Structures are given as structure tokens and as C-alpha cells.
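Reader: I have a model on my screen and some bench questions about it. Can we go through them one by one?

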Amino acid sequence: MAGALSAPYAVAALLLCIAGMAKLRSPTAAVRALGSAGLTVGSAPVRVFAAAEVGLGAWCALAPVPISSAAMALVYGGFAGLTLRLARRASPCGCFGDDRVPASIAQSVLSVAFALVALAGVRWVPNGITWMLERPASLAAVLVVGTAGAVYGTVLAYTELPLAWQSWGAR
């Protein structure tokens, strides 16, 4: 089971790193989103959380253990609740440093799915991403490219899909 869990787990972990780096670069969208949810914070706490997000994502990607998996499940669970709350208020989510993206139920569902993947990682500890590089070269290339593509596709699902869905429904 750990082997089958490794790729989706890596996607979840790497996504945390990307989201955290985006918040470090531009915390304003997250500050606004949290304000819309009734949580008043400044950019400094958002940056501290973003740095922790990058650290947790890196830990989970490189050397997952049950405690890191549990922490990642909690973070994704929190994201699911926050985006659901923001979607009900028709507010932007601030995902990946972008405040033009409306929060959506789809984002909550994605976050719940990643929380479940992380929760499974508590029971069946997945391999770190270095296991990909330990495979034969052709398999390693497929795993690395596939994982990168899945991460990119997931970023698009969080950021572009809600915009596309919103514009399609506005007609």
C-alpha cells in the first residue's frame, strides 16, 4: 500500500511547498481571504505559516513519517474548511497568492482528498520522493515527469478551474 500511496502523497507534499512559497512571495491575497473568513491577521503571521507550510511539505516529500502525515492531514483539513467557508461567502480564496480566484467547493473537495491521502500516510508510510530516482532511469523519468505534471495540474485545478467554471456559469 505504501508504494501505491507514494505518488499522490508526493503531489500533496509538493503542492504545500508551492502554495507556501506563493504566500511567502505575496501574502496579501491570503491576508484578504482570511479577513473575508472573519480572521484578522497581518502579512507577518501569513508568512510564518507559509514558511511552516514549505517546511512541512518538504519534510513530507523527502522523509515522511506518521507525525508529518498527520500534520499534513490537519493542514489540508483546515484548507478544506476555510475554502468551504469562503465559497459560501463568495469570497476569493487567496490560493497560491492570487486573490482573483473565487473559493469553490471543488477546492474544498481537492483539499479533503489530499487530507485523506495524508491520513492514509499515517497508517501506511509512503516513500519519500527520492525513491523515484532509485528506479531504473526510464521509470524514474516517467515518475518525475508524471508527478510534476500532476502537481501542475492540481495547481491549475485550484487556481484556473474555479475561474473557468465561474465564467462558464455567468452566461
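Author: The questions below cover cysteines, aromatic rings, pockets, backbone angles and buried positions. Keep in mind that this is a predicted model.

Reader: How many disulfides does a search of the whole structure find, and which cysteines are joined?

Author: The search of the whole structure finds one disulfide. Its sulfurs are 2.4 Å apart, and the cut-off for a disulfide is 2.5 Å. The bond joins C93 to C95.

Reader: Is C93 buried or exposed, and is C95 buried or exposed?

Author: Buried means under 20% relative accessible area. C93 has 7%, so C93 is buried. C95 has 12%, so C95 is also buried.

Reader: Why is C60 not bonded to C17?

Author: C17 is in no disulfide. C17 is buried at 11% relative accessible area, and C60 is buried at 0%. Burial aside, the distance decides: a disulfide needs sulfurs within 2.5 Å. The sulfur of C60 is too far from that of C17 for a bond, at 8.7 Å.

Reader: How are the rings of Y76 and F79 arranged?

Author: Y76 and F79 both sit in helix α4, three residues apart, or about one turn of the helix. In an α-helix, residues three or four places apart point the same way. The ring centres of Y76 and F79 are 6.1 Å apart. Their planes meet at 85°, so the pair is edge-to-face.

Reader: Which class does the pair of Y76 and F114 fall in?

Author: Y76 is in helix α4 and F114 in helix α5 (residues 105-123), so this pair ties together parts 38 residues apart in sequence. Both Y76 and F114 are buried. Their ring centres are 5.3 Å apart, with planes at 40°, so the pair is tilted.

Reader: How many aromatic pairs are there, and which residues form one aromatic cluster?

Author: A search of the whole structure finds four aromatic pairs. The cluster takes in the α4 residues Y76 and F79. Its full membership is F49, Y76, F79 and F114.

Reader: Which element gives the most to the lining of the largest pocket?

Author: The largest pocket holds about 440 Å³ of space. Of the 24 residues that line the largest pocket, the closest to its centre are K23, F49, E53, F79 and L82. The elements that give two or more residues to the lining are α1, α2 (28-36), α3 (43-62) and α4 (66-88). With six residues, the one that gives the most is α4.

Reader: How many charged residues are in the lining of the largest pocket, and how many in that of the second largest?

Author: The lining of the largest pocket has 18 nonpolar and four polar residues, plus two charged ones. The second largest pocket, of about 160 Å³, has six nonpolar and two polar residues in its lining. So the charged counts are two for the largest pocket and, for the second largest, no charged residues.

Reader: Which helix gives the most to the lining of the second largest pocket?

Author: The lining residues are P102, A103, S104, A106, L161, P162, W165 and Q166. Four residues of the lining come from one helix, and no element gives more. That helix is α8 (residues 161-169).

Reader: Where are A90 and F96 found, and is each one buried or exposed?

Author: Most residues other than glycine have a negative phi. A90 has a positive phi, near 55°, and F96 has one of about 55°. Both are in the loop between α4 and α5. By relative accessibility, A90 is exposed at 68% and F96 is buried at 13%.

Reader: What covers the buried residues of α2?

Author: In α2, A29, A30, V31, A33 and L34 are buried. Just after α2, G38 takes a positive phi of about 90°. The cover over the buried residues includes α1, α3 and α4.

Reader: Which residues is S6 in contact with, leaving aside its neighbours within four places in sequence?

Author: S6 lies in helix α1 (residues 2-25). Its relative accessible area is 1%, so S6 is buried. Beyond those neighbours, its contacts are P126, N127 and W131.

Notes. Residues are numbered from 1 along each chain as its sequence is written. This is a predicted model: local features need pLDDT of at least 70, side-chain atom pairs count only at pLDDT 80 or more; totals for chains, interfaces and linings use all residues. Side-chain values use heavy atoms; hydrogens and water are left out. Buried means under 20% relative accessible area, exposed over 50%, partly exposed in between (1.4 Å probe, protein chains only). Contact means heavy atoms within 4.5 Å. On a 1 Å grid over the protein atoms alone, a cavity is a set of points where a 1.4 Å probe fits but cannot get out, and a pocket is an open set with protein on both sides within 12 Å along at least five of seven lines; lining residues have an atom within 4 Å of a point. Grid points are joined across faces, edges and corners, and a volume is the space filled by probe spheres set on the points. Ala, Val, Leu, Ile, Met, Phe, Trp, Tyr, Cys and Pro count as nonpolar, Asp, Glu, Lys and Arg as charged, and the others, Gly among them, as polar. Rings of Phe, Tyr and Trp (its six-membered ring) pair if their centres lie within 6.5 Å; planes under 30 degrees apart count as stacked, over 60 as edge-to-face and the rest as tilted.
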